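Dear colleague,

I am passing on the structure below, together with some notes on what turned up in it. Please read the notes with the structure open beside them.

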Amino acid sequence: MDRKEKVVIIGGGVAGLTAGIYALKAGFDAEIYEKNAICGGECTGWNRKGYHIDNCIHWLTGTKKGTQMYDLWKTVGALADDTEYAKVDAFYTSTHGGKSVTLWNDLKKTEKELVEASPEDKDEIKKFIQHVEYSKQCLFPAEKPMEMWGIRDYLTMGKNMADVPKVMKEYGKISIGEYSKRFKSPLLRKMICDYLPPEYCAYSLLVSYATMADGNGNIPLGASLQMVLRMEKRFKELGGKIYCNSGVDYIVLGKKRADGIKLESGTMVAADYVVPAVDSHLLFNSFIPSRYMPKDFKRTYGNPKDYPAISGFQIAYSVRADYNRGETVFVDIAPLKVGNRTFDRMYVKAYGYDPLFVKDGRQVIQTDISQTDEDYAYWKGLSEAEYREEKEKLTAAISERIVKNFPELEGDLEVLDCWTPLTYERYCNAYHGSYMSFVSTPAGKQIKSNGRIRGIKNLYMAGQWTGSIGGLPVAASSGKFAVQRILKDAGRNINI
């Protein structure tokens, strides 16, 4: 019997698990080497004081049946036709000056509420709603890599996404901060800037909202870690092997190829193909020499102004289960200084929509103060004692601000955990502690990596850093695309 070729995958996150599943379906042997005790990477959660804390899924792109992304999630076991979703009917609520507005999944309801709140912005509101409707057509292409598309694929995309160019023309070259100034109402200006950092391209907000409004961005019950465990189960059922607590030291390079990997334990693992499903900064600065870094990545890492990283200072609490102000609510706060920057807005997200986050009549709530490269440098510069002290000080300050906005939580906030950009760096080797790929700004160009590394013919990149915006759909599709590129280069059928 002929030996099966072996695909060795570095990293057991969503990209690595997806690559492993598709490699097995294509007839390869597949092994995953994960540095942590469990798989998941950024898509994870943990328990504190008997409560579950979720790190990842605020909403999952690809939950609408009939889309390519749904088919991918179903193939890897993340979703099934009988998957239950949280009953969430809104994107988020913004409050300011004693008033509030909500971006409901029902666009007509949103339009009515926004116009009532700010009649003077009626025309701009109608334009916003219309372009969110157009943005519903912006579906993530997950069938195959774009370099493998034919004329028919482009014609189909053009037909199915006919109105998306209107969105890009109107909102593709301005930031969210610039876009907010089109509104006269201070409340609506706050609303536009609340969900994503103001330097993001404005279209990002519309596409994100459209995904929720179209039913393509639901929240699977059971949280992030449970979704990963379903993927891990599928991988193992297909015959794959996972080695946790197995950090990689470097990729062993031969003559224009990768011969395998060397683990931190000193063990050598031979491979026919290597798929590093890891942070690209780690790949090009630790696993292989930096001279292999493509120009696109050199441009992004060398220009943090146009390609900022995004992370957060986050806190999880438990509160009584009957707290209900909406799932995600943004509020004004007294100025809060974190490092060298000051913040005057924050949000509270309640997780009571999922029984996993409810225990003994109490539920989990979380908040996140957005952090960038500058903030990462601040945290990185602290001593261990200063780091602990700053976390405690900020936790107390944020808790005070939550109670100020939600007086019913006075005396009821129980701190479960807090974490910083350094947490992501430690756990995921994340560049500047980022939990997403580079921010899409008007000045930054889209990252379009074909996953191949020039000079190493059997190494194929995967992970959210292979595409702009990043996140779970980019991570999962990149794992599938890596295997399809292997098949293409081997002269085999890419349909798996």
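A polar contact here is a pair of N or O atoms within 3.5 Å, and within protein one of the two must be able to donate a hydrogen and the other to accept it. Please keep in mind throughout that this is a predicted model.

With that definition in hand, I would begin at S399, where the backbone oxygen of T395 lies 2.7 Å from a polar atom of the S399 side chain. The side chain of S399 is also joined to the side chain of Y317, by a polar contact of 2.9 Å. S399 itself belongs to helix α14, which covers residues 384-405. Its relative accessible area is 15%, and because buried means under 20%, S399 counts as buried. If neighbours within four places in sequence are left aside, the residues in contact with S399 are Y317, L413 and V415. For one of these, L413, the separation from S399 is 14 residues in sequence, while the C-alpha atoms of the pair are 7.5 Å apart in space.

The next point concerns two helices. Helix α1, made of residues 14-25, packs against helix α2, made of residues 68-75, at an angle of about 75°, and their axes are 10 Å apart. Since angles of 65 to 115 degrees count as roughly perpendicular, α1 is roughly perpendicular to α2. On the α1 side the contact is made by V14, T18, I21, Y22 and K25, and on the α2 side by L72, W73 and T75. Sorted by class, the residues in this contact of α1 with α2 are five nonpolar, two polar and one charged.

Finally, there are two backbone angles that you may wish to look at for yourself. Most residues other than glycine have a negative phi. N245, a residue other than glycine, nevertheless has a positive phi, near 55°. N245 sits in the loop between β7 (241-243) and β8 (248-253), and, with a relative accessibility of 57%, N245 counts as exposed. H432, which is not a glycine either, has a positive phi of about 50°. The loop that holds H432 runs between α15 (421-428) and β18 (452-453). Is H432 buried, exposed or partly exposed? At 23% relative accessibility, H432 counts as partly exposed, because that class lies between the limits of 20% for buried and 50% for exposed.

With best wishes

Terms used
Residues are numbered from 1 along each chain as its sequence is written. This is a predicted model: local features need pLDDT of at least 70, side-chain atom pairs count only at pLDDT 80 or more; totals for chains, interfaces and linings use all residues. Side-chain values use heavy atoms; hydrogens and water are left out. Helices (H or I, at least four residues) and strands (E, at least two) are DSSP runs, numbered from the N terminus. Buried means under 20% relative accessible area, exposed over 50%, partly exposed in between (1.4 Å probe, protein chains only). Contact means heavy atoms within 4.5 Å. Axes are lines fitted to C-alpha atoms, for helices over the stretch in contact, and angles run from 0 to 180 degrees between N-to-C directions. Angles under 35 degrees count as roughly parallel, over 145 as roughly antiparallel, 65 to 115 as roughly perpendicular and the rest as oblique. Ala, Val, Leu, Ile, Met, Phe, Trp, Tyr, Cys and Pro count as nonpolar, Asp, Glu, Lys and Arg as charged, and the others, Gly among them, as polar.
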